[in-house]
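Student: I'm new to this one. Can we go through what the names for its features rest on?
Tutor: Sure, let's have a look.

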Amino acid sequence: MAMQRFKIKGGNKLKGLVRITGSKNAALPIIAASILSDQKITIENVPALMDVYTMVELVKYLGAKVSFNNNVLTIHTPKIKKCKAPYDIVRKMRASYYVLGSLIGREKKAKVSLPGGCAIGPRPIDLHIKGLESLGAKIDIADGYINASTTRLTGRDINIGGPKGTSVGATINTMLAAVRAQGITKITPAACEPEVVDVADFLNTIGCDIKGQGTPTITINGQERCSGARYSIIPDRIEAGTFAVAAAITRSKITVIDCQPAHLQSVLELLAAIGVKIKVGQKRFIIDARCRLKPSHICVAPYPGFPTDMQAQFMALFATIPGTSMIKETIFENRFMQAVELMRMGAKIAIQGDTAIIEGVKKLSGAATMASDLRASASLVLAGLVAKGTTVVRRIYHLDRGYEKFENKLRSLGAQITRQNEN
Ligand code: EPZ
């Protein structure tokens with residue numbers, strides 16, 4: 001497929017309604033979890049995204065029969081045909097490693113390619129391995145693959161605390177294996193992200209017994225079998241937050257619907273603190289930024305703290321608010337790549353270690369930019385919405401991994417954005 005780019009003409013106000021799709025970071029592990037069952041599973045509200053297609057390709061390779069239409073995915077895996085996640089699929093998407101937990105849980109063996117590096121930092125998987133080893137899996141790494149096998153998984157008290165506190169991925173991978181272990185597993189400190197809760201809730205609807213999801217201690221009572229189910233994925237809180245920032249950066253008023261405002265509390269509180277008016281309803285919120293905004297400070301933290309997946313978007317916003325704002329990124333080491341691109345649009349940003357200092361300017365100006373990762377690409381598009389003149393964002397395949405119909409949604413709110421093939 002030809003590389004594509006966005007062309008954005010800045011300056012339009014936004015208005016109207018935007019509907020939020022299902023969460024990418026819940027859908028990916030839930031699809032991987034579905035192969036724990038030999039029964040038919042129907043999952044609703046699945047976002048139609050590149051990463052979801054990659055996960056579907058992977059579970060099909062393992063033996064699942066899958067259909068995916070109108071955000072409804074059915075998956076049926078009577079038999080696992082292969083226990084291997086090959087490099088060619090894993091290299092497209094790190095989250096492929098979630099089949100490690102499901103395969104070891106169902107088949108007692110798994111061979112999964114090591115995910116390798118990533119633009120936002122080193123991203124080790126030692127805690128995933130620690131979780132599975134604690135349950136009794138033997139793990140060795142050879143030729144770029146993680147080989148895991150066991151004769152029996154046994155429930156245990158597992159501490160998967162790491163240098164940054166909790167890990168979303170390690171909590172989920174350990175949970176996926178522990179649901180098929182004999183006896184009770186306790187995971188501490190468990191990640192409390194809504195996506196972790198969604199995976200646990202899904203597993204409970206296919207007959208697992210998990211308690212404490214959403215708290216730092218998750219307790220799993222292992223079961224021999226999993227059943228079929230129908231389940232609906234939670235709304236994507238990062239997509240909702242990104243549209244909230246789109247309204248704020250254009251000083252507009254929009255309504256965000258089909259979302260879960262409770263999952264966005266830290267983000268909405270920060271927006272309120274800088275002067276944005278927010279009205280929260282059931283599964284929706286109205287955001288009104290037709291006013292002067294104030295600079296602020298953010299320190300990224302695990303849920304319910306301010307999400308790392310939202311800091312790039314706020315960097316673009318802060319770049320347009322007179323005064324000094326700061327962002328401290330504590331979770332990933334190399335996640336300010338949007339800064340240099342924003343600076344090409346006239347933003348004043350200084351990076352000192354894990355902290356970005358942003359001096360708001362009166363006006364950003366359109367420029368040719370390049371996306372480096374998913375959330376960084378979103379921040380460049382947001383900046384383009386208010387920049388004077390035309391902004392081009394290249395390499396938007398990064399953005400397509402995580403936002404469904406992003407430009408269509410922005411266009412329906414009144415933005416001038418088009419997708420073009422690179423020539
Ligand atoms: C998930 O990544 C999300 N990805 C990320 O979303 C998100 O930024 C991140 O959680 C934090 O919220 C998916 O859900 C697919 P972690 P994950 O394990 O699970 C360190 C996006 O844009 N760590 O919670 O990989 C790690 O290096 C993305 O949608 C270890 O040291 O994140 C990091 O510093 C990008 N050893 C910290 O823990 C391990 O074994 C938290 O990472 C695992 C992690």
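Student: Why is the meeting of Glu195 and Arg237 called a salt bridge?
Tutor: The term asks for a side-chain nitrogen of Lys or Arg within 4 Å of a carboxyl oxygen of Asp or Glu. In this predicted model, where local features need pLDDT of at least 70, side-chain atom pairs count only at pLDDT 80 or more, and totals for chains, interfaces and linings use all residues, the side chains of Glu195 and Arg237 come to 2.8 Å, N to O, so the name fits. Residues are numbered from 1 along each chain as its sequence is written, and side-chain values use heavy atoms, with hydrogens and water left out.

Student: How many salt bridges are there between domain 1 and domain 2?
Tutor: The count is 3.

Student: What makes these two parts domains?
Tutor: The bounds come from an automatic or database domain assignment, which gives domain 1 as 4-21 + 235-421 and domain 2 as 24-229. Their C-alpha centres lie 30 Å apart. Contact (heavy atoms within 4.5 Å) takes in 24 residues from domain 1 and 23 residues from domain 2.

Student: What area do domain 1 and domain 2 bury between them?
Tutor: About 1,800 Å², with 51% of it on carbon and sulfur atoms. That's the accessible area (1.4 Å probe) that two parts lose on being put together, summed over both. On the domain 1 side, Tyr303, Arg401 and Glu404 supply 31% of the area buried against domain 2, more than any other three residues.

Student: Which classes make up the side of domain 1 that touches domain 2?
Tutor: That side has 8 nonpolar, 6 polar and 10 charged residues. Asp, Glu, Lys and Arg count as charged, so Arg401 and Glu404 are charged by this rule.
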